[in-house]
Structure formats: C-alpha cells, structure tokens
Amino acid sequence: MQNKTSNKNKYSLGKLAGTNPASVCYALEKQGIAPLNIKNILMREYALGEGAADMLLALLDNQKFVVRNNKHISLDLTFPENEPGHVQDIYVNSLIEELKTARKLITAKSFLVEAVRINKGAMLLPGKSLRALLTECGFSGAEISIDTGNYKLLTQEKLDILCACRVNWIGFDINSFNAGTKGGTDLNSFLKIYKQCLNPGLKLHLNFKKGMGSEVWQDFANSLAYLAEFMPHSVSIGTYARQKYTDARTQELVRVMWRTHEFLTEKAYKPYTIYAEKTNPQVLNMSYCQAKEQNKFNVFANKGQSTIIGCGVGAKTMLPDGLSGEVKVYQNTADLSEYVFDINGVLRKKNEFF
C-alpha cells in the first residue's frame, strides 16, 4: 500500500485524527454520504492518500457494533501516576466511594454500562484491595478491561483475582524485544507471564511502542514478528510523546506506521481505532484486532459519541448532547490529597455537573 499524500500534507492522517479519530467520517456518514463518496472527500478535501482514506473507512466499518445510544455508557478508572503501593491502597478507598456514587447515578439515569476500563496502577494494589475494587466494577454484561502497565506486576495471585472477578481484557505495555535496546522488554520473562494469561475467558491486548532510541525498521520488524507469534486478540501500535520530532524522524515514523499497517493486515488484523494528539500529530496510536475482537472501551472512547463516566483523580467525564452533537466535559480534581481527603466534596461537584 502506498501513501500518496502530497509532501505538503504528508501527515494529514494524524492531523485529521486529532482526539476524535474518524469523527469526520461519522459526520459525513450522518449526512447520508455513501462510503465511496466519503473516500473521495477525504482524498480531495483533506489531502489524504488513498491508503489513509481506506483505513478510515475500515475503522468506520469495524466500529459498527457500537450503536450510538445516550443510555449506553462506559466507566474509566484512573490511578495517580508514579505512586507507591501503600499510597494506591489508601487511594482505592476513595475510588470505591466514587464508584458507589456512580452506581446510584447509573440506576437513576437508567444507564447501561457496556465497558469498564481500569488504567495503570491497579496492579500495585494488595490482593484484598484489588478484589474489593473489581467487585465494585461488576456490572451485568459489562466488558471489564485492565491495563497492567508493567507486565511484571501481574503475579499469579493477582491473575487469579482478575479471573475470579470476571475481567475480560488484560493489557500490557510492550517496548522493543530486541536484545540490548535500552528500556526494551525481555522476551523470555514476558513470554512466561503471557502464557499464564492464555485463558479462554481472557482477551489480551498488547500496547506496542515504536521509536525507542536509534531503533530502525528492521529492529521493529523483528519485534513485530514475535507479536505475530503471540497472536493477541488486539494490539496497539503507538509512537512516543517525549522525543524531538525532526522532519527526518517524522518521515521515518510515517513510513514505519504504514509498513506496520501492511504487516498487521497481512496477518488478518483489522484496524479499529486511531487517535493522535491535536498539537502533535506525530504522536499517533493505531489499534488492530482479530475478527470481531474489538475492545469495546477503545471504541467508545475513540468515537467520542458515548457517555464516559470518569472515576478517580483527574478523571474526565464526557457527556454528549444527542441534539447539538456537543460533548460536555467535567474533570475531577487532579490534586491527589484533595481527592483522597475530600472525596465528599469531589462527589458533590460531580453530581452538580449531571
């Protein structure tokens, strides 16, 4: 597949994705425009190459299972970054209080919870606290995803708790598998833990990063080959935010992302989400899945058309207006001390938002 975008608009895919990927496609589809005409508009008016336009249409098709309904919601649980386990253990008590309040709101509004995402930090919790948190996340029929962050935090004890609490998805952050790459992932130690997760009741997502140090395409291709052997249900390919994107580096990343797209689609993976930072479109993340194995929360967050209730420090709640198409956003305090020691005040402000 060749990306035929002109040099002037070479990185339009990232710019168009912004923080609501494929939103342009949804807007055009809402106007009754046929897929072929949408593709022509993307190429003519948004300067996308044919490959990029085809990708966005594939995203549209692979997100069809999520029906736009203001009563269908998801929950997004956040944890403070870089805090030790004992801090997380104290924090989780306030988080559970917020979840209990959210449950009352969900009942009062007749919401249907379709997905719950638990972000990095949960694996730092002691087993008892982790079980208490997951028990509060139990909604009938909801898909529950947990991001382990560092895969080494997933012990057998905690894996047993996840399975007992009916967690559906486990996500891992993975860097290069190439020996000697600074910050890379050790293949053998990861494989040992990954094999423990091969449970019929679990789906696995690998969040794979490109752009470490001086890593070139062949290095990254070697890592992708291992990924293809693991055959996770879903995989994300992303670039790093904390690096300097010169023109040469940006062009290299664009080439790598397209070659990665070719590699994954040849392995029968289908693209189903894409997002980029508005201010830095080189920071791009693209998700692919095996047939009918889309992670629901990824799609909910990606479409930007569903209610997401954020719980935790700094968590964002997004409430779309079905009539105007606008999305109201409320953000919990980002101050950890305020969240933990004044949780009643935090919840009062959030209830006022609704």
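Let's start with handedness: helix H5 and helix H13 make a right-handed crossing. Bear in mind as you click around that this is a predicted model.

**Stop 1: H5 and H13**

Select residues 85–108 for H5 and residues 343–353 for H13. Their axes sit 10 Å apart, and the packing angle is about 30°. Angles under 35 degrees count as roughly parallel, and H5 and H13 are therefore roughly parallel to each other.

Now show the side chains where the two helices touch. On H5, pick Ser-94, Glu-97, Glu-98 and Thr-101. On H13, pick Ile-343, Leu-347, Lys-350 and Asn-351. Colour this contact by class and you'll get 2 nonpolar, 3 polar and 3 charged residues.

**Stop 2: a cavity beside these helices' residues**

Keep that view, and turn on cavities if your viewer can draw them. How many cavities of 30 Å³ or more does a search of the whole structure find? There are 2. We'll visit the second largest cavity, which holds about 70 Å³ of space.

To see its lining, select Glu-98, Thr-101, Ala-102, Leu-105, Ile-309, Cys-311, Leu-347, Lys-350, Asn-351 and Phe-354. A few of these should still be lit up from the last stop: Glu-98 and Thr-101 of H5, along with Leu-347, Lys-350 and Asn-351 of H13, belong to the helix contact and also line this cavity.

Which elements give two or more residues to the lining of the second largest cavity? They are H5, H13 and strand S9, so add 307–311 to your selection to bring in the strand. H5 gives the most, with 4 residues. By class, the lining of this cavity has 6 nonpolar, 2 polar and 2 charged residues.

**Stop 3: H6 and H7**

Clear the selection and move on to H6, residues 127–136, and H7, residues 156–164. The axes of H6 and H7 come within 10 Å and cross at roughly 15°. H6 and H7 are therefore roughly parallel to each other. Here, too, H6 passes H7 in a right-handed crossing.

For the meeting point, show Gly-127, Leu-130, Arg-131 and Leu-134 in H6. Opposite them in H7 are Glu-157, Lys-158, Ile-161, Leu-162 and Ala-164. The contact of H6 with H7 divides into 5 nonpolar, 1 polar and 3 charged residues.

**Stop 4: H3 and H4**

Last stop: select residues 35–45 for H3 and residues 50–62 for H4. The two pack at an angle of about 135°, with their axes 9 Å apart. That makes H3 oblique to H4. Is the crossing of H3 and H4 left-handed or right-handed? It is right-handed.

Show Pro-35, Ile-38, Lys-39, Leu-42 and Met-43 on the H3 side. On the H4 side, add Glu-50, Ala-53, Asp-54, Leu-56 and Leu-57. Colour by class once more: the contact of H3 with H4 has 7 nonpolar residues, no polar ones and 3 charged ones.

Notes: Residues numbered from 1 in each chain as written. Predicted model: local features only at pLDDT ≥ 70, side-chain atom pairs only at ≥ 80, totals over all residues. Heavy atoms only, no water. Axes fitted to C-alpha atoms, helices over the stretch in contact; angles between N-to-C directions. Parallel < 35°, antiparallel > 145°, perpendicular 65-115°, else oblique. Left-handed = near helix turned anticlockwise from the far one by under 90°. Contact = heavy atoms within 4.5 Å. Nonpolar A, V, L, I, M, F, W, Y, C, P; charged D, E, K, R; others polar. 1 Å grid on protein atoms, 1.4 Å probe; cavity = no way out; pocket = protein on both sides within 12 Å on 5 of 7 lines; lining within 4 Å. Points joined across faces, edges and corners; volume = space filled by probe spheres on them.
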